[in-house]
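Trainee: I would like a close look at one part of this protein. Please take a single helix and its surroundings, and walk me through them.

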Amino acid sequence: MAELTLPADDGGTRAYTTAPAMVWNRPTAPLQARRAYAAAHVIPRTTGNNVPGAPADMDWDATLGYRHELWSYGLGVADAMDTAQRGMGLDWAATQELIKRSAAEAASVAASGAPAVAGKTVRDLIAAGAGTDHLDLAALPSGRAGVDAVLAAYREQISVVEGSGAKVILMASRALARVASGPEDYLRVYSTLLDEVSEPVILHWLGDMFDPALAGYWGGADVDAATATFRELIEGSAAKVDGVKVSLLDAAHEKALRAALPEGVRLYTGDDFNYPELIDGDGTHYSDALLGIFAAIYPAASVALQKYDAGRPAEARAILDSTRELGLHIFSAPTFYYKTGIAFMSWLNGRQPGFSMVGGLQNGRSVPHLVRTFELADKAGLLADPDLAAARMRSWLSVNGVGA
C-alpha cells in the first residue's frame with residue numbers, strides 16, 4: 001500500500017491510500033473457452049519529436065515488450081488498430097514497421113512453445129489492421145474513381161499484413177465512407193477483397209463514437225439497414241470471414257447479430273462498455289473478444305478466461321464485472337481519446353519510461369479524468385506495483401500543479 005495526496009472535487013486535496021497489490025496468475029496452458037485479442041497501444045521514444053502532425057518516433061523495445069507481456073498472459077494481440085492510434089498519430093510508415101516487427105516477435109513466441117501459447121499459430125497470436133489511412137483524403141477523387149482508389153489502398157495494406165504472417169483485420173475506412181454512394185459500393189469493395197485474400201479475415205465495424213468520420217458506414221445512417229448490408233456481405237463470403245469485430249457499444253445489437261451469423265463466423269466483441277455480459281454469453285451464444293480495454297486490464301482478463309476454461313463461469317464473470325467501471329471511465333466521451341487512459345495505465349505500471357504518446361495524445365484527457373483512472377485501476381487490482389504507481393502519480397500531479 002502507498003499513501004499520496006490527490007485533488008478533490010472542491011478544488012482542495014484529499015489523502016488516498018492504495019490497496020495492496022493483487023496477484024493475477026499467468027496461464028499454464030493455452031486459453032480455450034474464448035478467443036481473445038487485446039488491441040495494443042504503441043509507445044513513443046520519450047525524447048522523440050512526437051508532436052501533432054510529426055511522423056511517429058517509436059520506442060520499439062517498449063512497444064514490443066508490451067506485446068510480449070500480453071502474450072505471456074495467453075492473449076492474442078490485435079495490432080495496428082485504432083488503439084495503436086491509426087489515424088490519430090501513427091503514420092503509415094510507422095504502421096508498416098509495427099506490423100512487421102510485431103509479427104516477427106509473434107513468430108518467435110509461437111516457436112518457443114511457452115505454456116500459455118503452446119500449439120498457437122502466428123495468426124492466433126497476432127492480427128493486424130489493414131485499412132486505407134495512407135490515402136490523402138483531400139486529393140481523393142469522387143465517384144467510381146474514388147472507390148477504385150480505396151480498393152487499391154486496401155490491397156496495398158493487406159499485402160503488408162499477409163506478408164508478415166499476421167491475420168488480416170479489414171478496418172473501416174474513412175476514405176470509403178467519404179466516396180461511397182451507397183451500400184453497393186461497400187459490397188463491391190469488401191466482396192472483391194474477400195475474394196482475393198489468402199486466409200479468412202476479421203471484418204471491423206467501428207462506430208462513429210470512436211471515429212466521427214465513419215458515420216453512416218455500410219451506406220446509411222440507419223443501423224438496421226447497415227446491419228442488413230453487413231450480413232449480406234458476410235453470408236456471401238462466409239468462408240473468407242474468420243469473424244467480425246463490432247464496436248458500436250450496443251449490447252442488444254451485438255447479441256442479435258451474433259445469433260444470426262453463419263456457422264463458424266465468430267463475433268469478436270469490440271464493446272468496451274458491455275464486454276462482461278457479452279463474453280459471458282446468454283447460455284446459447286457468447287462473444288469472443290477483440291478489445292482495447294483488454295490492453296489495460298489484461299491480467300484480470302486472462303484470469304477470467306482461465307476461470308471459463310476451468311468451468312467456473314460465475315467467478316469469471318465476477319472478475320470481468322470488477323473491471324467494468326474502469327472500462328466505462330476510460331472509454332467515456334469523447335470515446336476516441338480512450339487511448340490516453342491505456343497509455344497512462346501502462347506508464348503507471350512501469351511498462352513505458354514516460355507518459356507520452358505519438359501525436360502528443362497524452363494531452364487528450366484532463367487531470368481529473370486521469371486521477372479517476374488511477375483510482376479505478378487501483379480498485380480493480382490493476383496497479384501491478386502500488387508503490388511505483390503512487391510515486392509516478394505524485395510526480396505527474398506535481399508537474400501538473402496539483403498541491404503547488
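Mentor: What follows is a tour of one helix, then of what lies around it. Keep in mind that this is a predicted model.

Take α6, residues 183–196. The helix has 14 residues. From first C-alpha to last, α6 reaches 20 Å, close to the 20 Å expected at 1.5 Å a residue.

Now its buried side. The buried residues of α6 are Asp 185, Tyr 186, Leu 187, Val 189, Tyr 190, Leu 193 and Leu 194. The spacing has a general background. An α-helix has 3.6 residues a turn, so residues three or four places apart point the same way.

What covers those residues? Helices α4 (143–164), α5 and α7 (223–236) are part of the cover. Strands β6 (167–170), β7 and β8 (241–247) also contribute.

Two of the buried tyrosines of α6, Tyr 186 and Tyr 190, belong to an aromatic cluster. The other members are Tyr 154, Trp 205, Tyr 217, Trp 218 and Phe 230.

Across the whole structure, a search finds 21 aromatic pairs. One of them joins Trp 205 and Trp 218, edge-to-face. Their ring centres are 6.4 Å apart, with 80° between the planes. Trp 205 sits in strand β7, and Trp 218 in the loop between β7 and α7. They are 13 residues apart, and the pair links distant parts of the chain. Trp 205 counts as buried because its relative accessible area is 4%, under the 20% cut-off. Trp 218 is buried too, at 1%.

Next, follow the chain out of α6. The loop between α6 and β7 holds Pro 200. Pro 200 is partly exposed: its relative accessible area of 23% falls between the 20% and 50% cut-offs. Leaving aside residues up to four places away in sequence, Pro 200 touches Arg 123, Lys 167, Ala 239, Lys 240, Val 241 and Asp 242. Pro 200 and Ala 259 are 59 residues apart in sequence, and their C-alpha atoms are 20 Å apart in space.

Two elements from the cover of α6, α5 and β7, also appear at the largest pocket. That pocket has a volume of about 400 Å³. Of its 24 lining residues, Arg 86, Gly 87, Asp 133, Arg 174 and Asp 211 are the closest to the centre. The elements giving two or more residues to the lining are α5 (174–179) and β7 (201–206). By type, the lining has 11 nonpolar, six polar and seven charged residues.

Methods:
Residues numbered from 1 in each chain as written. Predicted model: local features only at pLDDT ≥ 70, side-chain atom pairs only at ≥ 80, totals over all residues. Heavy atoms only, no water. 1 Å grid on protein atoms, 1.4 Å probe; cavity = no way out; pocket = protein on both sides within 12 Å on 5 of 7 lines; lining within 4 Å. Points joined across faces, edges and corners; volume = space filled by probe spheres on them. Helix = DSSP H or I, 4+ residues; strand = E, 2+ residues; numbered from the N terminus. Nonpolar A, V, L, I, M, F, W, Y, C, P; charged D, E, K, R; others polar. Buried < 20%, exposed > 50% of the residue type's maximum accessible area, 1.4 Å probe, protein only. Contact = heavy atoms within 4.5 Å. Expected span 1.5 Å × (residues − 1). Phe/Tyr/Trp six-rings, centres within 6.5 Å; stacked < 30°, edge-to-face > 60°.
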